[in-house]
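Reader: I've got this one open on my screen and would like to walk through it with you. Can we start with the basics and work inward?

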Amino acid sequence: MGLRVRDAVVRYEGTTAVGGVSLDVADGEVLALLGPSGCGKSSLLRAVAGLEPLAAGGVAFDGQDLAGVPVHRRGFGLLFQDGQLFAHRDVAGNVAYGLETARVPRAERRERGRELLELVGLAGYERRAVSTLSGGERQRVALARALAPRPRLLLLDEPFSALDRGLRERLAVEVRAILTRTGTTAVFVTHDHDEAFTVADRVAVMGAPEPGGAGSGPRASDVAGTAAEDDAAGRSSGGVLLQVAAPEELWRAPASRRVARFLGYQAFVPLAGPEALPGSDGPGGAGRDGWLAVGPAGLRVLPPDVSEPRWGTAHPGPDRPGGGGAAGGWTGEAVGSVFRRGRTEVTVDVDLGAGVQRLAAVLDGAAGTAGTGAPAPGDKVTVALDPAGCAVVRG
Amino acid sequence: MDADGRRLTAPALRGRRGAPGRGGALGRGAGWALAAGVPLLFLGVFFAWPVVALVGRGFLADGGTVAGGVDLSGFRDVLTSPRTWRLVGLTLGQAAAGSAASVLLGLPAAYVLYRCRFPGRTLVRGLVTVPFVLPSVVVGVAFSALLQPGGLLGWAHLEETFLAVVLALVFFNYAVVVRTVGGLWERLDPRAEQAARALGASPWRAFRTVTLPALAPAIASAAAVVFLFCATAFGVVLVLGGIRYGTIETEIWTRTTQFLDLRTAAVLSVLQLVVVAGALAVSSRARARREHALDLQPERAAAQPLDLRRAPDAVAATVTALTVAGLLLLPLAGLVLRSFRAADGTWGLDNYVALGTTGGRNALVVTVWEALATSLRTAVLAAVIAVVVGGLVALVVSRRPRARAARRAVGVLDAVFMLPLGVSAVTVGFGFLVTLDRPLGLDVDLRTSGLLVPVAQAVVAVPLVVRTVLPVLRAIDPRLREAASVLGAAPGRVLRDVDLPVALRSLGLAIGFAFAVSLGEFGATSFLARPDAATLPVVIFRLIGRPGAENYGMALAASVVLAVLTAAVMMLAERLRGDRLGAAGGEF
C-alpha cells in the first residue's frame with residue numbers, strides 16, 4: 001500500500017520535465033527525491049499532489065487510482081519552499097485551515113492546532129501574525145499546517161532551501177523526528193544529499209537520462225528505456241530515476257558514476273590495468289572491473305615522514321592500481337589548503353590514471369588536525385586512497 | 001498510536017478523501033465561462049452595439065438602413081478635408097506635449113515621494129492624486145478662472161491657447177506618472193545603483209545607466225496611458241479650448257450635436273479608435289514588461305531620508321515643490337477664491353446661496369442641489385455595476401490557464417475591456433440614444449428609465465476598476481492557491497479564502513475610482529441626462545455656457561462642491577483600502 005507511481009510523464013509546453021518515473025513509497029516511509037535543480041523532481045511532486053496533469057502514466061494511493069481526483073480531495077499535505085502562509089490569517093488560523101475545509105468542529109480544531117504547534121516547537125504562537133515570524137518559524141507553521149489534517153501523504157518541496165545552513169541542518173533532524181513520531185508517509189524533494197540522508201528512509205536519485213542509456217546502471221536503464229520511447233520529438237526527455245536505495249546503501253554502492261558524482265564522489269579510478277584505459281572517463285573508458293569512486297574524504301595526503309621513502313613512486317603499480325592507500329600512492333602538486341571542520345584539506349593536482357585532476361585530500365597525522373604544517377602551494381605531496389572513503393562503481 | 005488511530009476520525013473527512021470531483025472540471029469550466037460571459041454581454045450590449053450602430057449609421061447611405069448600401073464617401077470627404085488633419089495634428093500634438101511634460105515633471109516627484117522620506121509625505125502623495133479624479137469640467141472651469149482676464153494669471157494671456165490646454169492636461173495626468181513610476185521605483189533594489197556607484201559611476205551616471213533603464217517600462221507604460229487620456233480628453237478641451245482649439249473628440253461632439261452630421265462623426269470616431277488602439281498596444285506591452293520586472297523585485301526597498309544638501313535631492317525636491325504649488329495648488333486655490341466673489345464684485349457666500357436656485361434667467365431646469373442629488377444616486381448605481389463587471393473581468397484575466405488557447409482568450413478579454421477608455425464617450429452616449437430605444441428587441445425604452453446614465457458611466461469606469469483590482473490579484477503567488485487546494489479547499493473555497501481577502505484590499509480603491517469617475521463623467525452623460533435629471537457636471541457646463549456673471553459664479557461654486565465631493569470620496573476609498581487586512585504592510 002502507500003503511494004505508487006507508474007511511468008509518470010510530466011510535460012510543459014514543448015519540454016518534458018519528468019520522463020517516465022516509477023516509484024513506490026510504503027505506508028509510513030519517508031522517501032527523498034534527490035537530484036540537481038531542473039531534473040524534474042519538483043514537477044513529479046506536483047504531479048503526485050495533483051497540481052500538474054500527467055501526460056502519461058499513473059499515480060495511485062492505497063490501491064486507488066488518483067486520475068480525476070482533484071487536488072483538494074486527495075488528502076495529501078504539501079509544504080512549499082517558502083511556506084506560502086496565508087498573510088490574512090494568524091498562526092492558529094493557518095494551522096486550522098485544512099481542518100476547516102474538512103469541517104472539523106471548532107473545539108477539536110483548536111486542540112489539534114495547539115498540539116501541532118507544540119510538536120513543531122512553537123507552543124503559544126497561536127495569535128501571532130505570520131508577518132512577525134522568522135523564516136524558520138514560518139516553515140514550522142507551514143509544517144504544522146500541512147500535518148494538522150493528518151494527511152495520508154506529506155509532500156515536501158525543498159522545504160528548507162530558503163533557510164540558512166545551521167537552521168537547515170537543525171530543522172532536517174527535527175522534521176525527521178516529527179515524521180517518525182507521527183508515522184507520516186512522506187516524499188521529500190531536495191537537491192542536498194546531506195538533507196536527503198538525514199530525513200529519508202530511502203533516497204531516490206533523479207537526473208536527466210544518460211545519453212542513449214549506455215553507461216547507466218541496470219535500474220536506471222530500465223526506466224530510461226521508457227523515457228526514450230516517449231521522447232519521439234528528440235527534445236529534452238525529462239528526468240528519470242537513476243537509483244533508489246537506503247542512504248547507507250546508496251553511499252556504499254552508487255549505481256553509476258553519475259550518481260556517485262552527484263553524491264560528492266570526486267574522482268574515479270579505473271579498476272583495471274592502466275594499459276586497458278584510453279585515459280578518459282567517458283562511457284567507453286570503463287575498466288573491466290568498474291571504477292573506484294573516491295569520496296570527499298577518500299584521499300589522504302601522507303605526512304612528509306611517511307611519504308619520503310616513497311618519493312619517486314609516480315604511478316601505482318600495474319598489479320593493484322590504487323588498491324590500498326597505505327601501500328600505493330601518487331605524487332601530486334599541492335595547490336592550496338584550507339583548515340575546516342577540525343582538519344586540513346589540501347587541494348592537489350594529481351593524476352590517478354585518468355589525467356591530471358584537481359582533487360581534495362585530507363592531510364593525515366598531527367599536522368593535519370593541528371592545522372599547521374600544511375604543504376605550501378607548489379610542494380610535491382604524496383596522496384593515497386583511504387578505502388573507508390571510497391566505493392566501487394560498476395557503471 | 002496504531003495505524004488507524006493517527007487518521008483523523010471525522011467521518012466527513014474520510015468520505016471526501018479520494019473522491020473524484022463531481023463533474024469538477026466541467027463545473028469549473030462553466031463557472032469561468034459565466035464569469036467571462038456576464039461582462040462580455042454587458043460590454044456587447046452597452047458598448048459594442050451602440051458604438052458599432054452609430055459608426056455604421058455614418059457609413060450607410062439612405063437614412064441608415066442596410067438596404068441603402070454602404071457609402072464610404074464619408075471617408076473620402078473627411079480625410080481630404082484640411083480641417084480634419086488640423087484636428088488630428090492638434091490631438092496628437094496636445095497628447096504628445098501633455099505626456100512629455102507629465103513625464104518630465106513627474107519623474108522628480110516619483111523620486112521625492114516614493115524614494116525619500118520626509119514629514120508630510122503621505123499628505124503630499126494624497127494631494128498629488130486629487131487632480132486625477134477631479135471632473136474634467138471642474139478642471140476646465142478652474143483653469144479658465146485662472147487664465148481669463150481678471151484671473152490670477154490673466155496677465156499671461158493664455159486663455160484659449162494650446163498651452164492652456166496642455167497645462168490642464170498635465171494637471172490631470174501628473175499623478176498617473178508619479179504613482180506608476182513611483183510604485184516601481186519604491187520596489188527597485190537600491191543595491192544595483194550602489195553597485196554602479198562602487199564601480200566608479202557618478203550619481204548621475206548611475207541613475208542614467210542603471211536606474212533609468214530599470215524604470216523604463218513603468219515610464220513607457222505611464223506615458224502611453226497619459227497619451228491616451230490626453231488624446232481623448234473632452235471636457236477640459238471643450239471648456240478651455242474655446243472655439244479656436246479642438247480635438248477629434250470635441251469635433252465628434254460638435255458634429256453630432258450642433259450639425260447632426262453623423263457621417264463625419266462616424267469617420268472621426270474610427271480615426272480616433274486607430275490612434276487609441278496604437279497607444280493601448282504600446283501601453284499593454286510596457287505593462288507586461290513591468291509586471292514581469294515586479295516579479296523580480298518583490299521586496300520593498302527602504303526609502304532614504306530626503307537630504308536637501310545633496311544636489312539630486314535638492315533639484316528633485318525643488319522641481320516637485322514648484323510643480324505641486326504652481327500647477328496643482330494654484331488652479332484649485334484660484335477656483336476656491338473666485339467662487340467667493342459675487343457677481344457684483346463683493347466677497348461672500350452669494351454664489352453658494354445661489355446653488356439653491358435654477359440660475360439667472362432660469363438657466364437650469366433643476367437647482368444645483370437637486371443635480372447633486374441626482375449625481376450621487378447615479379454614481380452609486382454606476383459604481384455598483386462597474387465594480388461587479390470590472391471585478392469579474394479582473395478575476396478572469398488574473399488567471400493563467402494551462403492551455404495556450406485559453407491564455408490567449410484571457411489576453412484578448414483584457415484588451416477588449418480597455419477599449420472603453422479609448423472610444424469617445426460622446427460616441428457611446430449618442431450610440432445609446434440610437435440603439436437602446438428597444439434593446440435586444442425588448443419592448444422597454446431604456447432611454448426613459450433613468451438607467452441609461454449610470455450604465456454609460458459604468459462602461460467608462462470599468463477599465464479603471466479592472467486596472468485597480470487586476471495587479472493585486474496577479475500578485476498572488478499561485479502556490480498560495482495551491483496550498484489552500486492541497487489543504488482540502490475546493491476551487492470556490494480557494495477563491496473565497498485566498499483571492500477575496502486580497503482583492504478586498506483593492507476593492508475600496510476600485511469603488512472610489514468608479515464613484516469618482518461616475519461623478520465627473522461628462523461626455524456620455526451630456527447626451528443622455530434629461531434636463532430634469534441633469535447631473536452636476538452637466539449643470540456646470542450649462543451654467544458657464546449661459547451669459548451672466550451670476551451664472552458663472554454659480555458654476556464656480558458648483559465646481560468647488562463637486563471637487564470637494566470627489567476628493568472626499570477618494571480619500572475615503574484610500575482609507576477603506578486600509579492595511580487592516582494584511583499585517584504585512586500591503587505587499588504580497
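Author: Sure. Keep in mind that we're looking at a predicted model. Let's begin with a backbone oddity: A:Arg150 is in the loop between α4 (135–147) and β7 (153–157) of chain A.

Reader: What is the sign of phi at A:Arg150, and about how many degrees is it?

Author: A:Arg150 isn't a glycine, yet its phi is positive. The residue is in the loop between α4 and β7 of chain A. The value of phi is about 50 degrees.

Reader: Is A:Arg150 buried or exposed?

Author: The cut-off for buried is 20 or more other C-beta atoms within 10 Å. A:Arg150 has 22 C-beta neighbours inside 10 Å, so it counts as buried.

Reader: Which strand holds A:Asp7, and how does its exposure class come out?

Author: A:Asp7 is another residue other than glycine with a positive phi, near 50 degrees. Its place is in strand β1 (residues 3–12) of chain A. Buried takes 20 or more neighbours and exposed takes 12 or fewer. A:Asp7 has 18 C-beta neighbours inside 10 Å, so its class is partly exposed.

Reader: Zooming out, how many helices and strands are in chain A?

Author: Chain A has 395 residues, of which 49% count as buried. Among its contacts between residues at least 6 apart in sequence, 69% join residues at least 24 apart. As for the elements, the count is 11 helices and 18 strands.

Reader: Which strands stand at the edges of the open sheet that has β1(A) in it?

Author: That sheet has four strands in the order β2-β1-β4-β5 of chain A, with antiparallel pairing. An edge strand here has a single partner strand, so one side of it is left without a neighbour in the sheet. The two that fit are β2 (15–25) and β5 (64–65) of chain A.

Reader: Which residue of β2(A) stands opposite A:Arg11?

Author: β1(A) and β2(A) run antiparallel and pair over eight bridges. Opposite A:Arg11, in β2(A), you'll find A:Thr16.

Reader: What angle does helix α1 of chain A make with β1(A)?

Author: Helix α1 (residues 41–49) packs on the sheet we just discussed, where β1(A) and β2(A) pair. It touches β1, β2 and β4 (56–61) of chain A. Its direction and that of β1(A) make an angle of about 115 degrees.

Reader: Why is strand β9 of chain A described as largely enclosed?

Author: Strand β9 covers residues 202–207 of chain A. It pairs parallel with β3 (residues 30–34) of chain A over four bridges, and antiparallel with β10 (residues 240–245) of chain A over five bridges. It's called largely enclosed by the rest of the structure because, of its six residues, the number buried is five.

Reader: Which residue of β10(A) stands opposite A:Val205?

Author: A:Val205 belongs to β9(A) and stands opposite A:Leu34. Over in β10(A), the residue opposite A:Val205 is A:Gln243.

Reader: There's a closed barrel too. By how many degrees are neighbouring strands turned against each other on average?

Author: The barrel has five strands, β13-β16-β15-β14-β17 of chain A, and its pairing is mixed. With direction ignored, the average turn between neighbouring strands of this sheet is 50 degrees.

Reader: Which residue of β17(A) stands opposite A:Leu299?

Author: β13 (residues 299–301) and β17 (residues 380–385) of chain A pair in the antiparallel sense over three bridges. The residue of β17(A) opposite A:Leu299 is A:Leu385.

Reader: On to chain B: which element gives the most to the side of domain 1 that touches domain 2?

Author: Chain B is divided into domain 1 (72–338) and domain 2 (350–425 + 448–580). Where they meet, 30 residues of domain 1 are in contact with 27 of domain 2. By class, the domain 1 side has 19 nonpolar, eight polar and three charged residues. The element that gives the most, with eight residues, is α13(B).

Reader: How are α8(B) and α14(B) oriented to each other?

Author: Helix α8 (residues 162–187) of chain B packs against α14(B) with the axes 10 Å apart, at an angle of about 105 degrees. Angles of 65 to 115 degrees fall in one class, so α8(B) is, relative to α14(B), roughly perpendicular.

Reader: What classes of residue make that contact between α8(B) and α14(B)?

Author: From α8(B) come B:Leu167, B:Val170, B:Phe171 and B:Tyr174. From α14(B) come B:Thr323, B:Leu327, B:Leu328 and B:Pro331. The classes are seven nonpolar, one polar and no charged residues.

Conventions. Residues are numbered from 1 along each chain as its sequence is written. Chains are lettered from A and ligands numbered from 1 in the order in which they are written. This is a predicted model: local features need pLDDT of at least 70, side-chain atom pairs count only at pLDDT 80 or more; totals for chains, interfaces and linings use all residues. Two residues are in contact if their C-beta atoms, placed from the backbone, lie within 7 Å. Two strands pair if DSSP finds at least two bridges between them. Axes are lines fitted to C-alpha atoms, for helices over the stretch in contact, and angles run from 0 to 180 degrees between N-to-C directions. Domain bounds come from an automatic or database domain assignment. Ala, Val, Leu, Ile, Met, Phe, Trp, Tyr, Cys and Pro count as nonpolar, Asp, Glu, Lys and Arg as charged, and the others, Gly among them, as polar. Angles under 35 degrees count as roughly parallel, over 145 as roughly antiparallel, 65 to 115 as roughly perpendicular and the rest as oblique.
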